[in-house]
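Work through the following exercises with the sequence and the coordinates side by side. Each task is followed by a solution that proceeds step by step.

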Amino acid sequence: MAKQKIVSIKSLFYTSVSLVWIFALAAIAHIIMVLIEKHNPVIKYEYAWSCAIIGFLTIYMTRWLKRDGWQSFWGILGGLGLWFAWEYSLMYGGHRTGVTYTFNGSYPEYRLMKWSVMAFIMVFTYLIYQESVRCNFIYFLRRKLRLMRGVVATGKIDNYGPRTAFEYIMITWAGYLLLMIAYDDQIFGPYSWFCYALFFVSFSVFFYLVYKLIGYDKFGANLRYSIPTVTILWNDVEILAKWGMLKEPWVHINWKIMSVIIGGFVISTYLIVKDLRRKKEGMIESKDVV
Amino acid sequence: MKYLKLLPAMMLLAMLSACLTEGEVEEAEVYKTPYAERMKMIEQEFLAAEKEGKIITGDIVEGNSLFNGTTEPQNKTYGEPYTKEEFRAAAISAERNSKLFILSKDGTLYYPTCPKGQSVSESEQALRIHRVFTEKQKTSGEKLFTWATLVPMTGREIEICGDIYPGYAEVKGLHIRSVRFEGDYIIGQD
């Protein structure tokens with residue numbers, strides 16, 4: 001008998017708001033970069049440094065936050081700040097070393113990022129052996145590869161902020177690496193079996209992750225779990241754009257669609273903040289998700 | 001007071017920021033003009049040059065294979081400088097930063113350069129170039145890239161508004177200000 005999953009209206013609400021917030025955040029992050037490049041590219045490296053400093057301070061600030069919801073909320077924003085800074089640093093590196101766009105249109109910074117794949121593997125190797133990591137995917141790998149000598153780590157996590165920031169960075173990094181390897185004509189290419197497989201696997205995994213996500217009904221857990229869920233969906237958005245089947249509204253600055261996305265971001269931010277403020281009283285223990 | 005410990009790290013970051021972005025300040029003046037106005041000026045400049053017959057029209061060809069004689073775009077039909085296999089090789093070389101040239105209809109070879117007088121320069125192939133649209137493209141309502149770079153244009157015909165320099169050994173220098181071309185920047189892709 002399969003175990004019956006209890007899905008409440010409450011968990012559906014938390015899931016949908018979290019998904020909208022993370023998706024809109026990624027879209028807004030993209031359009032900010034596009035607008036800077038279009039209107040005043042001179043400021044982009046100052047902007048990158050600001051993002052790095054603010055991102056770092058935001059993550060540092062989470063040490064004073066008592067609730068995992070707030071820690072996760074600010075952790076995501078801190079991670080995004082650092083991610084922005086990294087993208088711009090690669091842009092600067094590409095600029096200095098004369099890295100060109102590829103003939104199928106990939107940007108220099110992502111061409112450089114693709115070759116950070118070994119750095120990613122080194123970090124990931126550490127993570128799959130790091131016993132305090134609670135990522136479900138890493139749990140799965142540990143089980144299947146028989147990597148754990150003892151029981152898995154349990155217990156309270158005092159600060160989800162840095163963890164969430166790191167999670168955001170690692171998942172975004174993984175997403176970009178997969179896409180860039182898929183787009184590389186000298187490895188696979190946008191119309192290769194790998195790119196099609198990535199598209200369909202991402203599409204399927206997105207629904208699986210949403211199914212898992214609706215099992216949580218707190219903004220801390222939901223926000224954290226929404227990061228991989230949205231990033232997986234983002235693969236499909238990017239691939240559809242690469243195939244010419246979608247004009248990304250944040251690249252081509254389609255204000256009609258962007259207004260809806262920005263509206264969704266404002267409303268979801270309001271709902272998250274309202275909920276987290278309402279539950280201000282006392283520390284709420286959450287399930288270990290990531 | 002204990003948070004003052006963060007101050008050195010922040011100052012270091014700020015100093016690094018200032019050092020690394022110093023070179024960008026030179027361009028700051030250009031961007032004081034609003035984007036729409038800048039684009040209008042670029043378009044007017046392009047159309048004025050077109051009226052005076054100063055637009056360079058040519059195929060973008062890859063330099064390494066041209067100069068070692070592996071390909072002969074100069075002996076091909078204008079507008080089709082490469083076979084399918086040659087194109088792939090040329091495009092891969094171009095994205096590895098082998099130099100791209102513009103081969104005009106009359107057979108003149110142009111080497112894209114930075115403007116005269118610029119002392120420190122960089123790869124022209126990595127730079128975004130402003131794009132001017134045809135009337136048909138403007139009325140189509142299609143969302144097209146407002147800029148282009150040279151590598152994805154390898155093997156394609158392109159119209160260029162820019163400054164021509166005498167160059168050397170019959171290869172002329174060309175500082176590209178704006179470009180115009182049919183279709184989208186990346187064909188079939190976003």
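**Exercise 1.** Does Gly155(A) count as buried or exposed, judged by its C-beta neighbours inside 10 Å?

*Solution.* The model is a predicted one. Begin by locating the residue: Gly155(A) sits in the loop between α6 (136-145) and α7 (160-183) of chain A. Next, count its surroundings: Gly155(A) has 8 C-beta neighbours inside 10 Å, and because a residue with 12 or fewer is classed as exposed, Gly155(A) counts as exposed. Finally, relate it to another position: 94 residues separate Gly155(A) from Pro249(A) in sequence, and their C-alpha atoms are 43 Å apart in space.

**Exercise 2.** Determine how α8 (residues 193-213) and α9 (residues 219-242) of chain A are arranged relative to each other.

*Solution.* First, take the axes, which come within 8 Å and cross at roughly 155°. Since angles over 145 degrees count as roughly antiparallel, α8(A) is therefore roughly antiparallel to α9(A). The crossing in which α8(A) passes α9(A) is left-handed. Last, classify the residues of this contact, which comprise 14 nonpolar, 5 polar and 2 charged.

**Exercise 3.** Which residues touch the most other members of the largest nonpolar core, and which helix gives the most to this core?

*Solution.* The largest nonpolar core has 50 residues, of which Ile22(A), Phe23(A), Ala48(A), Ala85(A) and Val230(A) touch the most other members. Turning to the contributing elements, α1(A) gives the most, with 12 residues. Then follow one member outwards: leaving aside neighbours within four places in sequence, Val230(A) is in contact with Leu19(A), Ile22(A), Phe23(A) and Ala26(A). A second, separate core has 29 residues, including Val132(B) and Phe181(B).

How values were computed
Residues are numbered from 1 along each chain as its sequence is written. Chains are lettered from A and ligands numbered from 1 in the order in which they are written. This is a predicted model: local features need pLDDT of at least 70, side-chain atom pairs count only at pLDDT 80 or more; totals for chains, interfaces and linings use all residues. Axes are lines fitted to C-alpha atoms, for helices over the stretch in contact, and angles run from 0 to 180 degrees between N-to-C directions. Helices (H or I, at least four residues) and strands (E, at least two) are DSSP runs, numbered from the N terminus. Angles under 35 degrees count as roughly parallel, over 145 as roughly antiparallel, 65 to 115 as roughly perpendicular and the rest as oblique. A crossing is left-handed if the near helix is turned anticlockwise from the far one by less than a right angle, and right-handed if clockwise. Ala, Val, Leu, Ile, Met, Phe, Trp, Tyr, Cys and Pro count as nonpolar, Asp, Glu, Lys and Arg as charged, and the others, Gly among them, as polar. A residue is buried if 20 or more other C-beta atoms lie within 10 Å of its own, exposed if 12 or fewer, and partly exposed in between; C-beta atoms are placed from the backbone. A nonpolar core is a set of buried Ala, Val, Leu, Ile, Met, Phe, Trp, Tyr and Cys residues joined through C-beta atoms within 7 Å. Two residues are in contact if their C-beta atoms, placed from the backbone, lie within 7 Å.
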